[in-house]
Amino acid sequence: MSYQSILRRISILACLLAAPAWAHTVAVSGAWVRGTVAGQTATGAFLELKASEAAVLLGVASPVAKVIEVHEMVMEKDVMRMRAIPKLDLPAGKTVELKPGGYHIMLMGLVKPLKKGDTVPLTLKIEGRDKKPITVEVKAEVRDQAPPMMMEGHEHMHH
Ligand SMILES: [Cu+2]
């Protein structure tokens, strides 16, 4: 191997090592928020996430709600209930759906009603394998879509 070709190999390696940190991406698509009716203080936000490398969703922030949690749906004594989870795993290259009846972002303590056509800004806090937190800004469209049947009743479980 010539000195020149060794040099070339070294410079190729240097390029690979210098790959930019933003090569790790989290793609967000189909973000929407369920519109609210008068007096309603909580609603759900839904979207799809696809991380290029394994990552975790640690939390969500938005100016429209005082408290925001990531929820999962669990079956408890034949009743579907929702429960806050501290983080949501985003496996590399897989689409993770947050949708009605499944994982969702719970917006609580809404500061104003959310009408169809409004835009809700969401800031997703995500952490990759390198433990460096990144934020992803999302604009979610408000839709007036009725909740699915399975969402009914879970707020009145304590008899
Ligand atoms: Cu919920």
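1. Lys77 sits in the loop that connects β4 and β5. In this predicted model, Lys77 has a positive phi of about 50°, although it is not a glycine. Most residues other than glycine have a negative phi. Lys77 counts as exposed because its relative accessibility is 82%, above the 50% cut-off. The two flanking strands, β4 and β5, form a hairpin with two residues between them, and Lys77 belongs to that turn.

2. Lys131 is another non-glycine residue with a positive phi, here of about 70°. The loop that holds Lys131 runs between β9 (119-128) and β10 (133-143). With a relative accessible area of 59%, Lys131 is exposed. A check of the backbone could take Lys77 and Lys131 together.

3. On the overall fold, the protein chain has one helix and ten strands. The order from the N terminus on is α-β-β-β-β-β-β-β-β-β-β. Of the contacts in the protein chain with a separation of 6 or more, 68% are between residues 24 or more positions apart. The chain has 159 residues, and buried residues make up 37% of them. The exposed surface of the protein chain is about 10,100 Å², with carbon and sulfur atoms supplying 58% of it.

4. Which protein atoms are the donors of the copper ion? They are ND1 of His71, SD of Met82, NE2 of His104 and SD of Met106, and they lie 2.1 to 2.3 Å from the ion. The donor residues follow the sequence spacing H-x10-M-x21-H-x1-M. Two of the donors, His71 in strand β4 (residues 65-76) and His104 in strand β8 (residues 104-110), are 33 residues apart and link distant parts of the chain. Both His71 and His104 are buried.

5. Why is the arrangement around the copper ion tetrahedral? The four donor atoms subtend angles of 100 to 118°, and the label applies because all angles have to lie between 85 and 135 degrees. For four tetrahedral donors the ideal angle at a metal is 109.5 degrees.

6. The strands that carry the donors can be read from their pairing. β4 and β8 run antiparallel and are joined by six bridges. Within β8, His104 is the residue opposite His71, and Ile105 is the residue opposite Val70. β4 also pairs with strand β5 (residues 79-85), in the antiparallel sense and over seven bridges. There Met82, one of the copper donors, is the bridge partner of Met73.

7. β8 has a further partner in strand β2 (residues 42-51), with four bridges in the antiparallel sense. Gly44 stands opposite Met106 in β8, and Met106 is also a donor of the copper ion through its SD atom. β8 is mostly covered, with five of its seven residues buried.

8. The largest nonpolar core has 31 residues, and those touching the most other members are Leu47, Leu57, Leu90, Ile105, Leu107, Leu122 and Leu124. A second, separate core has five residues, including Ala42, Met73, Met80 and Met82. Met82 is thus listed in that core and among the copper donors. In soluble globular proteins, nonpolar side chains tend to be buried together.

9. Leu124 can be followed one step further. Leaving out residues up to four places away in sequence, Leu124 touches Val28, Leu47, Leu49, Leu57, Gly59, Val60, Ile105, Ile134, Thr135, Val136 and Val138. Among these, Leu47, Leu57 and Ile105 also appear in the group with the most contacts to other core members.

10. Val74 lies in strand β4. Is Val74 buried or exposed? Val74 counts as buried because its relative accessibility is 14%, under the 20% cut-off. Apart from residues up to four places away in sequence, Val74 touches Val79, Met80, Arg81 and Arg83. Its C-alpha atom is separated by 9.8 Å from that of Tyr103, which is 29 residues apart from Val74 along the chain.

How values were computed. Residues are numbered from 1 along each chain as its sequence is written. This is a predicted model: local features need pLDDT of at least 70, side-chain atom pairs count only at pLDDT 80 or more; totals for chains, interfaces and linings use all residues. Side-chain values use heavy atoms; hydrogens and water are left out. Donors are N, O and S atoms within 2.8 Å of the metal (3.2 Å for Na, K and Ca); water is not among the atoms, so sites may look incomplete. Four donors count as tetrahedral if all angles lie between 85 and 135 degrees; four count as square planar and six as octahedral if opposite donors are over 155 degrees apart and all others between 65 and 115; anything else is irregular. Buried means under 20% relative accessible area, exposed over 50%, partly exposed in between (1.4 Å probe, protein chains only). Two strands pair if DSSP finds at least two bridges between them. A nonpolar core is a set of buried Ala, Val, Leu, Ile, Met, Phe, Trp, Tyr and Cys residues joined through side-chain atoms within 4.5 Å. Contact means heavy atoms within 4.5 Å. Accessible areas come from the Shrake-Rupley method with a 1.4 Å probe; for residues, only the protein chains shown count as cover.
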